[in-house]
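The following exercises concern a predicted model. Each task is followed by a solution in steps.

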Amino acid sequence: YCQKQKKSFWTNFEKINFVDCAKTPNECTVKNIQGLPTWIFANGEAVVWLQTMETLSEKTNCVLPVEE
């Protein structure tokens with residue numbers, strides 16, 4: 001599911017702070033990651049599972065591009 005979520009960002013995923021729990025399990029343990037993908041926002045709120053771009057936009061105050 002993480003790969004599917006990554007693909008939804010197209011080439012912009014490099015702008016996301018991302019932790020690969022398979023490569024750094026200790027970091028995920030410290031952050032209490034219980035399921036994947038987990039999104040942790042600036043206010044400390046965490047949501048688990050695939051999220052829509054609209055949900056991520058709302059939670060981050062990041063404006064989505066307008067489709068023409």
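**Exercise 1.** Determine which element gives the largest share of the lining of the largest pocket, and describe the lining as a whole.

*Solution.* Step 1. The largest share, 5 residues, comes from H3.
Step 2. The space in this largest pocket amounts to about 1,100 Å³. It is lined by 35 residues, of which Phe9, Phe13, Ile16, Trp39 and Leu56 are the closest to the centre.
Step 3. Two or more lining residues are given by each of H1, strand E1 (38-40) and helix H3 (53-60).
Step 4. By residue class, the lining divides into 22 nonpolar, 7 polar and 6 charged residues.

**Exercise 2.** Establish whether Gln5 is buried or exposed, and list its contacts outside its sequence neighbourhood.

*Solution.* Step 1. Locate the residue: Gln5 belongs to helix H1, which spans residues 2-7.
Step 2. The relative accessibility of Gln5 is 4%. The cut-off for buried is under 20%, so Gln5 counts as buried.
Step 3. Neighbours within four places in sequence are set aside; the contacts of Gln5 are then Pro37, Trp39, Trp49, Leu50, Gln51 and Leu56.

**Exercise 3.** Two of the contacts of Gln5 are Pro37 and Trp49. Identify the backbone feature of each.

*Solution.* Step 1. Recall the general expectation: a negative phi is found in most residues other than glycine, and most peptide bonds are trans.
Step 2. Pro37 is in the loop between helix H2 (25-30) and E1. The peptide bond that joins Leu36 and Pro37 is cis, with omega about -10°.
Step 3. Trp49 is placed in the loop between strand E2 (46-48) and H3. Although Trp49 is not a glycine, its phi is positive, about 100°.

**Exercise 4.** Classify Trp49 and Asn61 by accessibility, and give the sign of phi for Asn61.

*Solution.* Step 1. The relative accessible area of Trp49 is 42%. Exposed requires over 50% and buried under 20%; Trp49 is therefore partly exposed.
Step 2. Asn61 is located in the segment after H3. Its relative accessibility is 71%, so Asn61 counts as exposed.
Step 3. Phi of Asn61 is positive, near 60°, in a residue other than glycine.
Step 4. Collecting the results, a positive phi is found in Trp49 and in Asn61; Trp49 is partly exposed, whereas Asn61 is exposed.

Key
Residues numbered from 1 in each chain as written. Predicted model: local features only at pLDDT ≥ 70, side-chain atom pairs only at ≥ 80, totals over all residues. Heavy atoms only, no water. Helix = DSSP H or I, 4+ residues; strand = E, 2+ residues; numbered from the N terminus. Buried < 20%, exposed > 50% of the residue type's maximum accessible area, 1.4 Å probe, protein only. Contact = heavy atoms within 4.5 Å. 1 Å grid on protein atoms, 1.4 Å probe; cavity = no way out; pocket = protein on both sides within 12 Å on 5 of 7 lines; lining within 4 Å. Points joined across faces, edges and corners; volume = space filled by probe spheres on them. Nonpolar A, V, L, I, M, F, W, Y, C, P; charged D, E, K, R; others polar.
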